[in-house]
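Okay, thanks for coming, everyone. Let me put the structure up, and then I'll walk you through it.

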Amino acid sequence: MAYELKSVNVGKPQVVKRNGEELYTSFIKTPTKNRIAVTKFGLEGDEQADKKHHGGEQKAVCVYPYEHFPYWEEQTGVKMEASAFGENLTIDGVSEDKVYIGDVFQWGDAELQVTHPRTPCQHISFVHDVKTFTKQVTQTGLTGFYAKVIKEGSASLHDSFVRTHQEPHLVSVSEINRLKYQVRNDQEGLERAIQVEALEPELKASFTERLNKLTEQ
């Protein structure tokens, strides 16, 4: 199934000022229609200011569902433009409940595999100047998700974005968010989640530790 790619966004670190405060971040990205390289470390022309918490092979590409934009405009009163969530790819039809950890998407010559939900950070609130924005994103589970690049290549806005493999365990991005933020003692859910090979290693380790504690009780 092909999905509509609304925008491809890249950016480099810059200082963002809000209400007398400054933040060094690459959250603000610029849409591009150029054909760019898609590497295991991300998109050509995209960099991270905080390499400890952003970037890396497990977070090579950040995806956000375009269909959430009207909801957030209503909630915040802020006009949501492309890359409003600091995402690399703004795509219609890839909501968190319809995308599964381990799913593979073909984009141009490259292949991306979903690894885990995007963890909302305070940059969302800071850049949009809405104090509760990050908290709202976390509570709703409308986080978007990260993907690693399992086949490097090149791609552009004009290339199709197609799901070529659906993970048989069917553990959705929404389900991972539920286990992370809402339910601490769902033993069955944790067991299903850690069976997914593509789940980001640190998150899998955290879930495994939590599951071990539950089974010891």
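**Rings, cores and a little sheet**

Let's start in the middle of things, with Trp 72: its relative accessibility is 0%, so it counts as buried. Keep in mind throughout that this is a predicted model.

What does Trp 72 pair with? Before I get to that, the aromatic pairs come to 10. One of them is Tyr 64 with Phe 85, a stacked pair with the centres 4.0 Å apart and 10° between the planes. That one bridges distant parts of the chain, since Tyr 64 is in strand β7, residues 61-65, while Phe 85 is in the loop between α1 and β8, 21 residues apart. Both Tyr 64 and Phe 85 are buried.

Now back to the tryptophan. Trp 72 pairs with Phe 133, and this pair is tilted: 5.2 Å centre to centre, with 55° between the planes. For the tilted label, the planes have to be neither under 30 degrees nor over 60 apart. Here too the pair links distant parts of the chain, with Trp 72 in helix α1 and Phe 133 in helix α3, 61 residues apart. Phe 133 has a relative accessible area of 0%, so it is buried as well.

And these rings belong to something bigger than a pair. Ring pairs join Tyr 64, Tyr 66, Phe 69, Tyr 71, Trp 72, Phe 85 and Phe 133 into one cluster.

While we're at Phe 133, a word on its helix. α3 covers residues 133-140, and its buried residues are Phe 133, Thr 134, Gln 136, Val 137 and Thr 138. What do they pack against? They go up against α1, α2 (123-128) and α4 (173-181). Just after α3 comes Gly 141, with a positive phi of about 75°.

There's another glycine I'd like you to look at, back in the loop between α1 and β8: Gly 86. Buried or exposed? At 11% relative accessibility, and with the cut-off for buried being under 20%, Gly 86 counts as buried. If you skip residues up to four places away in sequence, Gly 86 touches Phe 27 and Lys 29. Measuring nothing fancy, just C-alpha to C-alpha, Gly 86 and Leu 5 are 16 Å apart in space and 81 residues apart in sequence.

Okay, on to the cores. In soluble globular proteins, nonpolar side chains tend to be buried together. In this model the largest nonpolar core has 38 residues, and the ones with the most contacts inside it are Leu 43, Leu 89, Trp 107 and Leu 112. Apart from that core lies another, with 14 residues, including Phe 69, Ala 84, Val 127 and Val 137. So we've met Phe 69 in the ring cluster and Val 137 among the buried residues of α3.

Leu 89 is a good place to see what the big core does. Leaving out neighbours within four places in sequence, Leu 89 is in contact with Leu 5, Ser 7, Val 8, Asn 9, Leu 43, Val 61, Cys 62, Val 63, Tyr 64, Trp 107, Leu 112 and Phe 161.

Next, a small piece of sheet. Three strands make an open sheet in the order β6-β5-β12, with antiparallel pairing. β6 and β12 are the edge strands, each pairing on one side only. How many bridges join β5 to β12? Three, with β5 spanning residues 36-39 and β12 spanning 153-155. Ile 36 stands opposite Ala 155, and Val 38 has Gly 153 as its bridge partner. On the other side, two bridges join β5 to β6, residues 42-43, and Thr 39 is partnered with Gly 42. A hairpin of two residues connects β5 to β6.

Last, the overall picture. The chain comes to six helices and 13 strands. Its C-alpha trace spans about 50 × 40 × 30 Å along the principal axes. A compact globule of 217 residues would have a radius of gyration near 17 Å, and the chain has 17 Å, so the two agree. Of those residues, 51% count as buried. Among contacts with a separation of 6 or more, 73% are between residues 24 or more positions apart. The exposed area is about 10,700 Å², with 46% of it from carbon and sulfur atoms.

That's it from me.

Note on methods
Residues are numbered from 1 along each chain as its sequence is written. This is a predicted model: local features need pLDDT of at least 70, side-chain atom pairs count only at pLDDT 80 or more; totals for chains, interfaces and linings use all residues. Side-chain values use heavy atoms; hydrogens and water are left out. A nonpolar core is a set of buried Ala, Val, Leu, Ile, Met, Phe, Trp, Tyr and Cys residues joined through side-chain atoms within 4.5 Å. Buried means under 20% relative accessible area, exposed over 50%, partly exposed in between (1.4 Å probe, protein chains only). Contact means heavy atoms within 4.5 Å. Two strands pair if DSSP finds at least two bridges between them. Helices (H or I, at least four residues) and strands (E, at least two) are DSSP runs, numbered from the N terminus. The radius of gyration is taken over C-alpha atoms; the globule rule is 2.2 Å times the number of residues to the power 0.38. Accessible areas come from the Shrake-Rupley method with a 1.4 Å probe; for residues, only the protein chains shown count as cover. Rings of Phe, Tyr and Trp (its six-membered ring) pair if their centres lie within 6.5 Å; planes under 30 degrees apart count as stacked, over 60 as edge-to-face and the rest as tilted.
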